[in-house]
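Visitor: I'd like a close look at one loop residue and its surroundings, and then a walk outward until I can place it in the whole chain. Please keep the reasoning visible as you go.

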Amino acid sequence: MTGIEERQPEQHVFEADVSRLLHMMVHSVYSDKDVFLRELISNAADACEKLRYESVSQPQLSSDRAQPGILVTLNEEAQKLVIEDNGIGMSRDEMIDALGTIARSGTKAFIERLEAAKAGEKAELIGQFGVGFYSSFMVADRVDVISRRAGESEAWKWSSDGKGSYQVVAVDLAEAPARGTRVVLHLMPDEKKYTSKWTVEKIIRDQSGHVPVPIHLAEKDGEEPSQVSDGAALWIKQKGEISKQDYDDFYRSVSGQYDEPLANVHFRAEGRHEYTTLAFIPGSQPFDLFDPDRQGRMKLYVKRVFITDEAELLPRYLRFVRGIIDTSDLPLNISREMIQESPVLAAIKKGVTSRILSTLEKMAEGEAETYSKIWDLFGAIIKEGIYDDFERRSQLLKLARFRSTVSHEATRSLTDYLTAMKEGQSAIYYISGSSLDQLKSSPQLEGFRAKGIEVLLLTDGVDSFWPTNVPDFEGKPFKSVTQGLADLNAVSSEGGTDESGREASTEVKAFIEFARSALGEEVADVRVSDRLTESAVCLVASEHGPDRQLEKLLQGAGRLQTASKPILEINAQSERIRSIASIGDPAFREDAAWLLLDEARILDGDKPANPRAFADRQARLFASAIGHGK
Ligand SMILES: Nc1ncnc2c1ncn2[C@@H]1O[C@H](COP(=O)(O)OP(=O)(O)OP(=O)(O)O)[C@@H](O)[C@H]1O
């Protein structure tokens, strides 16, 4: 290898985000440092699987026919731990790219969240996040990565102390694996335990026992290694042979999460299509669940060969599900581009989706407590399917759980809601907004409470969209309590006293007329309310057009230029309204009309439209009250 020996190592600086991540790794926010080994073994297994995949179209890449494998070698004397694989390996450019930058979207946002988190929350946050290769620097003060890409005749060494920069240099082929990657950790003085066979073997069994590549462990360089794990795919075993522990371990290795799954779906489909699925519902939210770019993370295998984890194997509203699908119905050399168009995969996607949803249905009935945990974690995502997946809409509506004006701590299903409907009630009522507390105190609910009518309190972002797109549930339409006429007259009051007939007085009617012309273009109308019993005013949207909450959301997202005008409803029975209506002074009436409109806006969680004018009117009102000695 002439020339290589003379080459100087190239010095590179880490991308800024890598430096920030490394800084956090080193000043460890992780209480459980053992995870670095899982990350390195997972990378090694991925590299073996990538080789298997690329060899389908380029058999020369693995012409040595060596079985894929991972070898972990300890060296107590030299304080070293070495993880070596015979997978795809990395070229110089790939190394610089993979080990000097952060490719995953969402990671930057994660780092920011982590930096902003309080000490106690950090460990929990980071537990939701696969920290990858950089976690080596939690236990090592220097890391060397020596790699030779399959099919290449040069090898490269990447080396760093994790403090801002790294070097890359060509190395002699004799110093590198024949193919694949060797990661050498020069352990910190305090981390000697990672050279103990007993400790390392236990960590591998616990954390990586189910990676689909065999793992061997040698106590010293050159010593005959022993097998720690056989690399057999768990999913092809019979259910009866798999313990909960096996499932949980597999879940952790396939998902990169550290929690315990709340449920698994494991089945083999035979018949028109043959495939096996092992899917899990995680026990905590993946950190990038709401990232708009986030794709599902199900892994696709063809006859146990890993193909990709970037295909949409499940609908987006199940993107929190982790696991694998292994099929024998696709050609091994299917290109990643072809996958998305494959009718076989479309059929498999349908089959797996049905199984996941039917598992959820069974849990909702038989394991209510676990189901409610699942719903708390992922309900907001599942609800996206209510408007995305027309075919399964009614199934998803049945799965949905809600807080409502009668639910207290527990949640309610729509079936519960229908059962509790009042005589004469013709719609499923809801109110949407961002805070449960604010919703509970919304004036728009008062008339419904008085009549004992349940109202669903919807607080997820997606709740502003689906009810307006879904015509009904079992024949009952969804209706926002902030929209149109409340129509409460058909339902009699709880206590039997029907207040609906109580007319507005002539004075109040005249004040409403006055307010309508004073407020002019600011509102679509001013009218007597039949939904208020305590508050003086509230805002509602007209019968047709978007719900007020949806409108605000669309405006906030810049998708709606002009908002439609709200209707100001006035409680004609309110003492305050009656007193205001009895005062004839037009200047006072004008101030009162505008202040009432601002009051309604504030009750909706908004600001007065013109804070200066609001303050001036309020000051005038105070001055006149004080001036009159009241
Ligand atoms: N043993 C290896 N063989 C080949 N490439 C590797 C190896 N280890 C790491 N890499 C490369 O480095 C990249 C970064 O690895 P890192 O562990 O930081 O993240 P990741 O594996 O992409 O993500 P995750 O940890 O979520 O799986 C990998 O995507 C891969 O391209």
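Guide: Happy to. Let's start at D309, which sits in the loop that runs between β13 (305-308) and β14 (322-327). Keep in mind throughout that this is a predicted model. How buried or exposed is D309? It has 16 C-beta neighbours inside 10 Å, so it counts as partly exposed; 20 or more would make a residue buried, and 12 or fewer would make it exposed. Setting aside residues up to four places away in sequence, D309 touches R297 and K299. For a longer ruler, take R182: it is 127 residues from D309 in sequence, and the two C-alpha atoms are 24 Å apart in space.

One loop back along the chain there is a residue with an unusual backbone angle. K303 lies in the loop between β12 (299-302) and β13, and its phi is near 45°, a positive value in a residue other than glycine. Most residues other than glycine have a negative phi. K303 has 12 other C-beta atoms within 10 Å, and is therefore exposed. E474 repeats the pattern: its phi, too, is near 45°, and it is not a glycine either. E474 belongs to the loop between β18 (472-473) and β19 (476-480), and because 11 other C-beta atoms lie within 10 Å, E474 is exposed.

Now to some helices. D248 lies in helix α7, a helix that spans residues 244-255. With 17 other C-beta atoms within 10 Å, D248 is partly exposed. Its contacts, beyond the residues up to four places away in sequence, are E260 and P261. L262 is 14 residues along the chain from D248, and their C-alpha atoms are separated by 9.6 Å.

L377 is in helix α10 (residues 368-382). It has 19 other C-beta atoms within 10 Å and so is partly exposed, given that the cut-off for a buried residue is 20. Leaving aside neighbours within four places in sequence, L377 is in contact with S284 and Q285. The distance to I281 fits into the same part of the tour: L377 and I281 are 96 residues apart in sequence, yet 10.0 Å apart in space, C-alpha to C-alpha.

Compare that with A116, in helix α4 (residues 107-116). A116 has 10 C-beta neighbours inside 10 Å, so it counts as exposed. Here the pair to look at is A116 and D97, which are 19 residues apart in sequence and 27 Å apart in space, C-alpha to C-alpha.

Helix α7 also leads us to α6, where you can check the geometry yourself. Helix α6 has 12 residues (197-208), which at 1.5 Å a residue should span 16 Å; the C-alpha atoms at its ends are 15 Å apart, and that agrees. Which residues of α6 are buried? They are V200, I203, I204, Q207 and S208. These buried residues cover an arc of only 100° around the axis, so they lie on the same side of α6. Among the elements that cover them are α2 (35-57), β2 (70-75), β8 (215-218), β9 (226-229) and α7.

Stepping back to the whole, the protein chain holds 21 helices and 22 strands. Its radius of gyration is 32 Å, well over the 25 Å that the globule rule gives for 630 residues, so the chain is more spread out than a compact globule. Along the principal axes, its C-alpha atoms fill a box of roughly 100 × 60 × 40 Å. The chain is divided into domain 1 (4-232), domain 2 (236-366) and domain 3 (504-542 + 553-629); D309, where we began, falls within the bounds of domain 2. The centres of domain 1 and domain 3 are 65 Å apart, taken over C-alpha atoms.

Two totals and the confidence values round this off. Buried residues make up 39% of the 630 in the chain, and 73% of the contacts with a separation of 6 or more join residues 24 or more positions apart. The mean pLDDT is 88, with 92% of residues reaching 70 or more, and the model scores ipTM 0.97 and pTM 0.75.

Note on methods: Residues are numbered from 1 along each chain as its sequence is written. This is a predicted model: local features need pLDDT of at least 70, side-chain atom pairs count only at pLDDT 80 or more; totals for chains, interfaces and linings use all residues. Helices (H or I, at least four residues) and strands (E, at least two) are DSSP runs, numbered from the N terminus. The expected span of a helix is 1.5 Å times one less than its number of residues. The arc is that of the directions from the helix axis to the C-beta atoms. Two residues are in contact if their C-beta atoms, placed from the backbone, lie within 7 Å. The radius of gyration is taken over C-alpha atoms; the globule rule is 2.2 Å times the number of residues to the power 0.38. Domain bounds come from an automatic or database domain assignment. pLDDT is the predictor's confidence in each residue, from 0 to 100.
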